[in-house]
Amino acid sequence: MRQFILLLLFTTTLLIGCKNEVKTELAQSTTHNPPTLTLEEANRLATLPLECISIEYPNKLNQSLNDKSFIEEPSELHPAFYGCYDWHSAVHGHWSLISLLKQFPNLNEADKIREKLAASLSEANIALEVAYFKIPGNASFERTYGWAWILKLAEELHTWDDPLARDLAQNLQPLTDLMVQSYLDFLPKLNYPIRVGEHSNSAFGLSFALDYAETLNNTSLKEAIERTVKRFYVNDNTMGGCPLEWEPSGFDFLSPCLEEAYLVSRVYELENFKIWFDAFLPQLTNPKFELAPGKILDRTDGKLVHLDGLNFSRAWCLYGIAEALPEYAHLKEIAKQHITYSLPNIVDDNYGGTHWLGSFAIYALNNTK
């Protein structure tokens, strides 16, 4: 009898312990305090693009030369977007300042930011940027990463209720229209998706373009993107899943698997996306799934520091997927880990990282949920 009572007590204690453990695990998987963009953080991050959009050298032009007459100063070739080391970084540097100023009108350098934006995004400067794309051989310049950031810049201006924003959006419109038409011309000719972890990644470029199309109700662009997504990715869940364990490559700043999954989540109906996602990235459906942030061993190396960007872009994809599929809320904690690993390290003296990483940090923080 005594043995039976002891056994009963032991079993009861074990059951209560298991029940409490389940409750604790559930609480850990559903409780999430996302990192937030505070005024203090915004002032810190604003210093990066505010300085670099006017720094002409060092500069990576990435241009095709038809003859020596095409060799000019970066500020002459790209009077709006000559700073921040390369064209696309200058574009998203401008986006960063607009995003921060829109959210925090009382930024420390608000007046200076407004002056710089008005000076660089002038009607005359944008006309010369458009003219550059129309030089023979330049139609594919910055395809599609830079195109995507122009549309993101245009979207940010469109959603900012400010007289300056309306003026700048009007100035930018010819370049915006050119980027939209470039997508419409290019997508039907792109027979296969580009699955890399850097600039030309198709899913990233399509995702930002889709943001623009949805916000401005551009039906032609939206439908072109949706057709492309279904053509590119519909069967990717039937081939054994995406090899997330192969990521990251040495200097990725985008995750091919997560960028694709996040984009598909926005185009497919929810029920179809869940079926597709559970086969495409089955490991992410496990509440105990772990994904370590990309580790950077030398932040003075301009390529290796790309991995900080990977951590931010992984984060916004994971947040987006978890929003589409709330049962996978554990992905938000992984996203948080990625942001908190890299965020303290991007404001330093290393121009190889500071000229662009602030934009990725801001975009990630803007999309925490």
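**Loops, helix packing and the main pocket in a predicted model**

Pro287 is placed in the loop that runs between helix H12 (270–280) and helix H13 (306–324). The model described here is predicted. With a relative accessibility of 52%, Pro287 counts as exposed, since the threshold for that class is over 50%. The C-alpha atoms of Pro287 and Ala324 lie 16 Å apart in space, the two residues being 37 residues apart in sequence.

The loop between H2 and H3 holds two residues with notable backbone geometry. Pro58 is located in this loop, and the peptide bond joining Tyr57 to Pro58 is cis, with omega about 0 degrees. Asn62 also lies in the loop between H2 and H3. The phi angle of Asn62 is positive, near 55 degrees, in a residue other than glycine. Asn62 is exposed, its relative accessible area being 57%. Most residues other than glycine have a negative phi, and most peptide bonds are trans.

Further cases occur elsewhere in the chain. The bond from Glu247 to Pro248 is cis, with omega near -5 degrees, and Pro248 belongs to the loop between helix H10 (219–233) and helix H11 (256–267). Glu142, in the loop between H6 and H7, has a positive phi of about 65 degrees although it is not a glycine. Glu142 counts as buried, at 12% relative accessibility.

Asn138 is likewise found in the loop between H6 and H7. At 4% relative accessibility Asn138 counts as buried, the cut-off for this class being under 20%. Apart from residues up to four places away in sequence, Asn138 touches Ser64, Tyr132 and Phe133. The separation between the C-alpha atoms of Asn138 and Gln63 is 7.8 Å, with their positions 75 residues apart along the chain.

Tyr132 and Phe133 are among the buried residues of H6, together with Asn125, Ile126, Glu129 and Val130. These buried residues cover an arc of only 155 degrees around the axis, and they therefore sit on the same side of H6. Glu123 and Ala124, on the other side of H6, are exposed. The packing partners of the buried residues of H6 are helix H3 (74–77), H4, H5, H7 and H8.

A comparable description applies to helix H5 (residues 110–120), in which Ala110, Ile113, Leu117 and Ser120 are buried. Viewed down the axis of H5, the buried residues fall within an arc of 110 degrees, so they line one face of the helix. An α-helix has 3.6 residues a turn, so residues three or four places apart point the same way. Asp111, Glu115 and Ala119 are exposed on the other side of H5. The buried residues of H5 pack against helix H2 (39–52), H4, helix H6 (123–133) and helix H8 (163–186).

Charged residues in two other helices have contrasting surroundings. Glu156 is part of helix H7 (residues 145–158) and counts as buried, at 11% relative accessibility. Beyond its neighbours within four places in sequence, Glu156 is in contact with Trp95, Ile98, Ser99 and Lys102. Asp185, found in helix H8, is partly exposed, with a relative accessible area of 42%. Asp185 and Phe104 are 81 residues apart in sequence, and their C-alpha atoms are 38 Å apart in space.

The largest nonpolar core comprises 113 residues, of which Phe81, Leu175, Phe277 and Leu281 touch the most other members. H8 gives the most to this core, with 10 residues. Excluding residues up to four places away in sequence, Leu281 touches Cys242, Leu244, Cys257, Leu258 and Ala261. In soluble globular proteins, nonpolar side chains tend to be buried together.

The largest pocket has a volume of about 490 Å³. The elements giving two or more residues to its lining are helix H4 (87–103) and helix H15 (351–354). H4 gives the most, with 4 residues. The lining consists of 25 residues, and Lys60, Tyr85, Asp86, His88 and His199 lie nearest the centre of the pocket. By class, the lining residues divide into 9 nonpolar, 10 polar and 6 charged.

Technical notes: Residues are numbered from 1 along each chain as its sequence is written. This is a predicted model: local features need pLDDT of at least 70, side-chain atom pairs count only at pLDDT 80 or more; totals for chains, interfaces and linings use all residues. Side-chain values use heavy atoms; hydrogens and water are left out. On a 1 Å grid over the protein atoms alone, a cavity is a set of points where a 1.4 Å probe fits but cannot get out, and a pocket is an open set with protein on both sides within 12 Å along at least five of seven lines; lining residues have an atom within 4 Å of a point. Grid points are joined across faces, edges and corners, and a volume is the space filled by probe spheres set on the points. Ala, Val, Leu, Ile, Met, Phe, Trp, Tyr, Cys and Pro count as nonpolar, Asp, Glu, Lys and Arg as charged, and the others, Gly among them, as polar. Buried means under 20% relative accessible area, exposed over 50%, partly exposed in between (1.4 Å probe, protein chains only). The arc is that of the directions from the helix axis to the C-beta atoms. Contact means heavy atoms within 4.5 Å. A nonpolar core is a set of buried Ala, Val, Leu, Ile, Met, Phe, Trp, Tyr and Cys residues joined through side-chain atoms within 4.5 Å.
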